[in-house]
Amino acid sequence: MLIVHHLENSRSQRVLWLLEELGLPYEVKRYARDRKTSLAPPELAAVHPLGKSPVLSDGNVVLAETGAIVEYLLDRAGGTALRPAPGTPERLRFTFWLHFAEGSAMTPLLLALIFNKIRNSPLPFFARPIARGIADRVMNSFVKPNIERHLAYMEAELQAHAWFAGAQFSAADIMLSFPLEGAAMRVGLDARYPRLGEFLARIHARPAYQRALERGGPFALMA
Ligand SMILES: N[C@@H](CCC(=O)N[C@@H](CS)C(=O)NCC(=O)O)C(=O)O
């Protein structure tokens with residue numbers, strides 16, 4: 001039996017969604033974040049030494065890293081429309097976007113989360129302007145420009161293709177949902193990114209996405 005070790009409000013939501021799209025049976029083991037630090041509880045480190053989510057167990061297999069889990073599940077499902085055929089331009093696009101999601105898109109979004117936290121943390125009054133000044137400078141000079149560069153590229157690609165890999169919905173769209181939901185929450189998807197906003201509306205309307213929310217529990221990303 002496939003078991004998804006699912007941390008609330010986290011990347012593991014994508015694994016539940018993929019499983020619903022594939023129609024594979026699975027169990028969900030839910031974990032709550034620490035209320036103060038938002039970190040994963042120690043029980044997750046008992047499942048996998050990295051102590052992060054998602055983790056997938058399948059008999060003797062214990063696998064971390066969302067992209068690896070996605071590839072594992074696609075292999076396990078056999079022929080599926082969620083991964084384009086090898087040797088096609090769509091397959092190369094699929095591979096690119098699958099890796100881009102965690103390899104590039106998430107980095108500045110994680111930095112935005114950290115610097116927003118620093119900016120809003122309770123500090124002595126004399127330290128507050130210094131902390132805010134540093135946070136704002138890093139956000140404006142490095143973090144936001146990188147997020148905007150990524151969003152502009154994704155927007156342009158969706159102007160040319162219905163989905164990220166091409167004409168068909170694929171697991172690459174599932175991988176990109178998390179950085180795009182994170183960007184919508186942390187920097188907002190303004191009028192420069194109409195296709196990205198529309199992409200989020202389209203994925204949220206998918207029955208499998210809705211079913212995954214029911215299995216995983218409430219889903220709200222940290223600002
Ligand atoms: N690149 C990894 C990132 C894993 C990761 O950072 N997961 C977050 C959930 S969004 C986590 O477990 N955070 C809690 C913690 O670090 O304690 C993946 O895609 O699986």
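How far is an oxygen atom of the ligand from a polar backbone atom of Ala40? The distance is 2.8 Å in this predicted model. Taken alone, the ligand exposes 510 Å², and the protein buries 83% of that area.

**Ligand contacts**

Polar contacts of the ligand are listed below.

| Ligand atom | Protein partner | Distance |
|---|---|---|
| oxygen | polar backbone atom of Ala40 | 2.8 Å |
| oxygen | N or O atom in the side chain of Lys52 | 2.6 Å |
| nitrogen | polar backbone atom of Ser53 | 2.8 Å |

The ligand takes up the space of the largest pocket. Around the ligand are Leu7, Ser10, Arg11, Arg33, Leu39, Ala40, Lys52, Ser53, Pro54, Glu65, Thr66 and Glu102. By class, this shell holds 5 charged, 4 nonpolar and 3 polar residues.

**Backbone features**

Ser53 and Pro54, both among the residues around the ligand, are joined by a cis peptide bond with omega near 10°. Pro54 belongs to the loop that runs between α2 (42-47) and β3 (55-58).

Glu65 is another residue of the ligand shell. Its phi is near 80°, a positive value in a residue other than glycine. Glu65 sits in the loop between β4 (61-64) and α3 (66-77). With a relative accessible area of 49%, Glu65 is classed as partly exposed because exposed residues must be over 50%.

Asn9 also has a positive phi, near 50°, and is likewise a residue other than glycine. The loop between β1 (2-7) and α1 (12-22) contains Asn9.

Methods:
Residues numbered from 1 in each chain as written. Predicted model: local features only at pLDDT ≥ 70, side-chain atom pairs only at ≥ 80, totals over all residues. Heavy atoms only, no water. Helix = DSSP H or I, 4+ residues; strand = E, 2+ residues; numbered from the N terminus. Buried < 20%, exposed > 50% of the residue type's maximum accessible area, 1.4 Å probe, protein only. Near = heavy atom within 4 Å. Polar contact = N/O pair within 3.5 Å; in protein donor to acceptor, adjacent residues only side chain to side chain. Areas by Shrake-Rupley, 256 points an atom, 1.4 Å probe, with all protein chains shown as cover. 1 Å grid on protein atoms, 1.4 Å probe; cavity = no way out; pocket = protein on both sides within 12 Å on 5 of 7 lines; lining within 4 Å. Sits in = over half its atoms within 2 Å of the grid points. Nonpolar A, V, L, I, M, F, W, Y, C, P; charged D, E, K, R; others polar.
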